[in-house]
Amino acid sequence: QCASEGVGADCIVRLHADGSADIVNSYSDMGQGGRNSCRQMGAESLNLPFEKVRIVAGDTDSSVFGSCNSCSGGTMKYGWAVYNACQDALKSLYELAAPLLDAMPNEVTTEDGMLFLKPDPQTGVPRNNKKIPWINAFWNRGNSYGHPFQVIGKANYVAGPGARNEEKAASFCTLDVDTETGELLNVKFY
């Protein structure tokens with residue numbers, strides 16, 4: 001099965017100075033919405049609006065490796081690759097931003113292209129109210145990531161031992177619910 005042990009996908013995430021991101025993967029979207037699900041996972045992982053995340057896929061010159069896309073395994077393997085690449089990019093971004101925010105990298109968070117400190121767990125208030133755009137972190141003197149306008153995260157997801165993807169099916173029905181009794185009425189399966 002194509003979603004079993006050993007199959008996987010690679011992903012590259014590029015964070016841009018304008019607070020947007022590109023997700024580079026090879027998810028072959030055949031109408032099931034896989035690329036949009038990767039955009040959604042990337043947007044959520046990076047705390048960005050969906051509109052600020054773009055997918056770069058399907059071009060063998062600019063894309064990365066991904067194993068076959070069947071047995072309902074695409075979203076699982078590509079989704080994990082996207083999530084892990086986002087975490088890798090954020091780790092680098094937080095390391096660049098921390099000195100500018102007078103903080104440790106694990107104290108930094110982001111939302112909509114801005115960097116700031118997480119609230120203190122004891123008080124619920126951050127130690128300071130500084131907010132900086134991503135570009136400030138990109139230009140930090142410690143940026144050894146090769147490009148002053150991007151931070152790049154990379155990841156590979158491989159299904160581990162014992163991973164299985166059983167074949168699935170879906171059933172559809174229409175029904176009415178009596179809101180007073182909870183009884184199901186007019187149940188029809190298709």
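## Close-up views of a predicted model

**View 1. Residue I152 and its surroundings in strand β7.** I152 counts as partly exposed, because its relative accessible area is 32%, a value that lies between the limits of 20% for buried and 50% for exposed residues. The model shown here and in the views that follow is a predicted one. I152 has its place in strand β7, and it shows how the folded chain brings distant positions together, since the C-alpha atoms of I152 and V13 are 5.6 Å apart in space although 139 residues separate the two in sequence. If its neighbours within four places in sequence are left aside, I152 is in contact with I12, V13 and R14, and also with D88, A89 and S92.

**View 2. The chain as a whole, as a setting for the other views.** Along the chain there are 3 helices and 9 strands, and, read from the N terminus, these elements follow one another in the order β-β-α-β-α-β-β-β-α-β-β-β. The chain has 190 residues, of which 39% are buried, and its accessible surface comes to about 11,000 Å², with 53% of that area belonging to carbon and sulfur atoms. Among the contacts with a separation of 6 or more, 61% are between residues that lie 24 or more positions apart.

**View 3. The largest nonpolar core.** This core has 37 residues, and those with the most contacts inside it are V13, L15, L46, L93, L101, V108 and L115. Helices and strands both contribute, for at least two residues each come from β1, β2, α1, β3, α2, β5, α3 and β7, while the largest share, 11 residues, is supplied by α2. One of the residues with the most contacts inside the core is L93, which, apart from residues up to four places away in sequence, touches L15, L115, W134, A137, F138 and V151.

**View 4. Residue H16 in strand β1.** H16 lies in strand β1 and is buried, because its relative accessible area is 17%, which is under the limit of 20%. Not counting its neighbours within four places in sequence, H16 is in contact with A21 and D22, with W134 and F138, and with F149 and Q150.

**View 5. Helix α1 from end to end.** The 13 residues of α1 should span 18 Å at 1.5 Å a residue, and the end C-alpha atoms of the helix are indeed 18 Å apart, so the expected and the modelled lengths agree. The buried residues of α1 are G34, S37, C38, R39, G42, A43, S45 and L46. After the helix comes N47, whose phi is positive, near 55°.

**View 6. A salt bridge within helix α2.** K91 and E95 form a salt bridge in which the closest N and O atoms are 2.9 Å apart. The two residues are 4 residues apart in helix α2, which means that about one helical turn separates them. An α-helix has 3.6 residues a turn, so residues three or four places apart point the same way. E95 counts as partly exposed, at 32% relative accessibility.

**View 7. Two salt bridges between loops.** The side chains of K130 and D102 meet in a salt bridge, with 2.5 Å from N to O. Because K130 lies in the loop between β5 and β6 and D102 in the loop between α2 and β4, this pair ties together parts that are 28 residues apart in sequence. Both partners are partly exposed, K130 with a relative accessible area of 35% and D102 with 48%. R127 forms a salt bridge with E107, the closest N and O atoms being 3.1 Å apart, and this pair, with R127 in the loop between β5 and β6 and E107 in the loop between α2 and β4, ties together parts that are 20 residues apart in sequence. D102 also has a positive phi of about 55°, although it is not a glycine.

**View 8. A nonpolar patch on the surface.** L175, V177, L184, V187 and F189 make a nonpolar surface patch of about 470 Å². The elements that give two or more residues to this patch are β8 and β9, and the largest share, 3 residues, comes from β9. F189 has its place in strand β9 and counts as exposed, because its relative accessibility is 64%, which is over the limit of 50%.

How values were computed: Residues numbered from 1 in each chain as written. Predicted model: local features only at pLDDT ≥ 70, side-chain atom pairs only at ≥ 80, totals over all residues. Heavy atoms only, no water. Buried < 20%, exposed > 50% of the residue type's maximum accessible area, 1.4 Å probe, protein only. Contact = heavy atoms within 4.5 Å. Areas by Shrake-Rupley, 256 points an atom, 1.4 Å probe, with all protein chains shown as cover. Core = buried A, V, L, I, M, F, W, Y, C linked by side-chain atoms within 4.5 Å. Patch = residues over 30% accessible without salt bridge, like charges linked within 9 Å, V, L, I, M, F, W, Y side chains within 5 Å. Salt bridge = Lys/Arg side-chain N within 4 Å of Asp/Glu carboxyl O. Expected span 1.5 Å × (residues − 1).
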